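The following exercises practise the reading of a protein model. Please attempt each task before studying its solution.

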Amino acid sequence: MQIISSASKLKELLRKEQGSIGFVPTMGALHEGHLTLIKESKKHNDIIVVSIFVNPTQFLKGEDLEKYPRRDEADKKICEIAGVDYLFMPSAEEIYGDDEPMIQAPQVRGYILEGATRPGHFSGVLSVVMKLLNIVDPSRAYFGKKDAQQLFLIEQMARSYFLDVEIVPVDTVRESDGLALSSRNVYLSDAQRQEALKIPASLNLARSLITQGILDTEEITTQMKKVLSPLQIEYVVVVSRNFEYQKRVEIGNSIILVEVLVGTTRLLDNIWV
Ligand code: AMP
């Protein structure tokens, strides 16, 4: 595995490679969720590129940019063992210049839900993903369904900007007790981690209500909120795969999204039904 910090060097090396390139962008502190993305990319591509970059433009002022978990040495070992060919670990200066053009997230779907609690976040995400895709020029890029709105916006950007890449969604990986894996879970105390289990419990309840034929969104989200209480709820909603609010669940076209604060830690989860 080669560890590269220069964008031009990585471009030069990848240009010489034969075969398809699978790309997994991450912010590091790698866990089983990231590893699943890497494994998926290995199934379908010849060369595997992983990036680790804690992207400053997607953090709002006062968010956890400074304290975001950084585990470079452990991450390098994980990637090596996973059979990654190139690990791209650039500095912020390597990726961003001064006063430069940015991708602007769409005015509606980029500013609802996660985009409403974190205005501007998705412009930062889309800008860095555009840069990384231009550097790596992969055949396929892998993103988790756990960040459903992010995945939707990246798929939309790839279409809108006629990017020559296949965006591949990957199912959410969970702990055995149901909590979705996230680099931010390390912020949780033991007691908070227990509280956080209300999130998968609420989603499981939604699934069982739907199985019983209850499709009214209001009814489903009201019951979910009871399970989530007393956690601070940012949103519990049902949207279509196209991120439009739905009054009724449509099997095969709905995503049930939850965002709560556990202490000061923002946790996201969802199920696709
Ligand atoms: P992050 O390092 O948190 O920016 O995540 C990098 C990629 O891993 C994103 O595409 C995430 O959606 C994905 N990811 C994060 N957590 C999980 C998980 N528990 N299961 C599957 N994919 C995940």
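Two aromatic rings of Phe, Tyr or Trp (its six-membered ring) form a pair if their centres lie within 6.5 Å; planes under 30 degrees apart count as stacked, over 60 as edge-to-face and the rest as tilted. The model is predicted, so local features need pLDDT of at least 70 and side-chain atom pairs count only at pLDDT 80 or more, while totals for chains, interfaces and linings use all residues. Residues are numbered from 1 along each chain as its sequence is written, and side-chain values use heavy atoms, with hydrogens and water left out.

**Exercise 1.** Determine how many aromatic pairs the whole structure holds, and classify two of them.

*Solution.*
Step 1. A search of the whole structure yields three aromatic pairs.
Step 2. One of them joins Phe59 and Tyr68, with 5.9 Å between centres and 80 degrees between planes, and is edge-to-face. Both Phe59 and Tyr68 are buried (under 20% relative accessible area; exposed is over 50%, partly exposed in between; 1.4 Å probe, protein chains only).
Step 3. Phe152 and Phe243 form a tilted pair, at 5.3 Å centre to centre and 40 degrees between the planes. Phe152 belongs to helix H7 (residues 148-160) and Phe243 to the loop between S7 and strand S8 (254-262), so this pair ties together parts 91 residues apart in sequence. Helices (H or I, at least four residues) and strands (E, at least two) are DSSP runs, numbered from the N terminus.
Step 4. Phe152 is buried, at 6% relative accessible area, and Phe243 is buried at 3%.

**Exercise 2.** Describe the surroundings of Glu234: which residues beyond its sequence neighbours does Glu234 contact?

*Solution.*
Step 1. Glu234 lies in strand S7 (residues 232-240) and is partly exposed, with a relative accessible area of 25%.
Step 2. Neighbours within four places in sequence aside, Glu234 contacts (heavy atoms within 4.5 Å) Thr117, Glu259, Val260, Leu261 and Arg266.
Step 3. The side chains of Glu234 and Arg266 share a polar contact of 2.8 Å. Such a contact is a pair of N or O atoms within 3.5 Å; within protein, one must be able to donate a hydrogen and the other to accept it, and residues adjacent in sequence count only if both atoms are side-chain atoms.

**Exercise 3.** Identify which element gives the most residues to the shell around the ligand.

*Solution.*
Step 1. Strand S2 (21-26), helix H2 (32-44) and strand S5 (140-144) each supply at least two shell residues.
Step 2. H2 gives the most, with three residues.
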